[in-house]
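Biologist: Could you take a close look at one part of this protein for me? I'd like to hear about the contact between the first two domains, and about the salt bridges too.

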Amino acid sequence: MTKPRMGLLGLGTMGSALALNIAENAEPLAVFNRTTSKTDAFMAHTRKHAPDLAERITPTTSLEDFVAAMESPRAIILMVPAGQPVDDQIDALRPLLNPEDLIIDAGNANFHDTNRRAEAAATQGVPFLGIGVSGGEEGARFGPSIMGGGPKRAWDQVEGALRSIAASYEGTPCATWMGEGGAGHFVKAVHNGIEYADMQMIAEVYGVFRDGLQWTAEQCGEVFAKWNEGPLQSYLIEISGKVADAVDPESGKPMLDVILDRAGQKGTGRWTVIEAQHLGAPIPVIEAAVTARNVSSRLPLRQRGEDVFGAAPVGLTTDILSVETLEGAMIAGKIMCYAQGFDLLNAASKTFGWSLPMPEVARVWREGCIIRSSMLNDMASALTDHPEDNLIFAPFFRDLVKHHSPALRHTVATALSHGLAVPALSSALTWFDMVRTGRSTANMIQGQRDFFGAHGFERVDRDGQGFHGPWGSA
Ligand code: 6PG
């Protein structure tokens, strides 16, 4: 039997699922995990449930055996936790490899780390790719969305294999090279930021249902299931319906009612927000979503707040805020969120010299990934026609925004007046009102800056900069 050329290191949940996907849809591979018992368990499980695939997988027990089990040029996928473990594995592997052997970091790396690793690899003259892989365990097993970054030649070497394991949208594989260095991981970070925002907006609407309208989880599930058949069709709406419908086998209560309201996070949403601030590309809907997760984690603070100030006054009815209005608000909020996300990608692309293929980003997100939705296909079309323009100005989305922004306004105003926090939806509305205001209030900021710091300002009636006000003589 000829030796495999591919290898996968790290047999956690995602790594195991990806290994099976590669064995089934791409090519035979060698696998290695630092803890051998994990490799044994993975192989035993695979032999039992998928013997055909087990035959295409070579398990190894040391890094040396792992490398020796493959033919050069090798392509080794790292599926280890982001951060130092990736550096440790690269340092351990590189001396064992040939110069043409490719290392691929397929974890959720910070793109700065990927840039640094890509530069180090380029200096050594060895290939390295950083690829963003989305879709959770199921995606990894049956077809993720893949956002590649690194030297194009290295991408070309594995593109066929990656496209054959990726999800596909109407026959087009969702695996695309985004650009040099950390471009793929940057696109993945923005994906995750949008993921946070999509999830948060759904949670906010769930809050309106639960706390405002006093609905049961089951009632919420019915609406999400219905919305999943309309313009909001998406994986996240679909699973929200399923989550709302589920019953806890232990207590017999709705599962949602026994899940503690403290959201976890691994940090990718926060990275997106930090980069957006560095780049001066506002993404307030994503910021609100990250902030909301942080506030959620302050459980004692919130409980004390409720004791001291009392819970929000509610008493909402569907006469005041209809389900249709909430659906419209979600549509408008989603468009604002993606408009901000793509704007951030454009800013990053220019600043980092990546030439990110905007329509391809939308295309690669149409299937496999967590934020997949029917709207992404329309976004891909809009970005094909206007790759650098803000999405809200593309005719299709401009019309949707005109049609649904009143619903967003009514939803936010009603929720706020009933004491229901809707931070992401409010941020979407506020951003919309800011970008539709030709004459903002920043003239006051400029006046203040000039007053206390002589920073100078521009005038509306003359060209040039560095004008000053009459403060000295005031
Ligand atoms: C994906 C997800 C995934 C992410 C988890 C958890 O695209 O498959 O984005 O990569 O790690 O969803 O993220 P948080 O723990 O930050 O919520």
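Modeller: Here is a walk through that contact, followed by the salt bridges.

A quick word on the ground rules: this is a predicted model, where local features need pLDDT of at least 70 and side-chain atom pairs count only at pLDDT 80 or more, while totals for chains, interfaces and linings use all residues. Residues are numbered from 1 along each chain as its sequence is written, and side-chain values use heavy atoms, with hydrogens and water left out.

The chain splits into domain 1 (6–181), domain 2 (189–435) and domain 3 (439–474), with bounds from an automatic or database domain assignment. Between the centres of domain 1 and domain 2, taken over C-alpha atoms, there are 32 Å. Domain 1 puts 25 residues into the contact and domain 2 puts in 21, where contact means heavy atoms within 4.5 Å. Together they bury about 1,700 Å², with carbon and sulfur atoms giving 64%; that is the accessible area (1.4 Å probe) the two parts lose on being put together, summed over both. On the domain 1 side, Phe111, Tyr169 and Met178 lose the most area to domain 2, together 33% of what that side buries.

What about charges across this contact? There are zero salt bridges between domain 1 and domain 2, a salt bridge being a side-chain nitrogen of Lys or Arg within 4 Å of a carboxyl oxygen of Asp or Glu.

Strand S10 (175–179) is one of the elements on the domain 1 side, and S10 gives that side its largest share, five residues. Helices here are DSSP runs (H or I, at least four residues), as are strands (E, at least two), numbered from the N terminus.

Helix H6 (111–124) also gives residues to that side, and H6 has salt bridges of its own. Asp113 pairs with Arg116 at 3.3 Å, N to O; both sit in H6, three residues apart, about one turn of the helix. Asp87 meets Arg117 at 2.8 Å, N to O. Asp87 is in helix H5 (residues 84–93) and Arg117 is in H6, so this pair ties together parts 30 residues apart in sequence.

Asp87 is buried at 12% relative accessible area, and Arg117 is buried at 4%. Asp113 is partly exposed at 23%, as is Arg116 at 40%. The cut-offs are under 20% for buried, over 50% for exposed, and partly exposed in between (1.4 Å probe, protein chains only).
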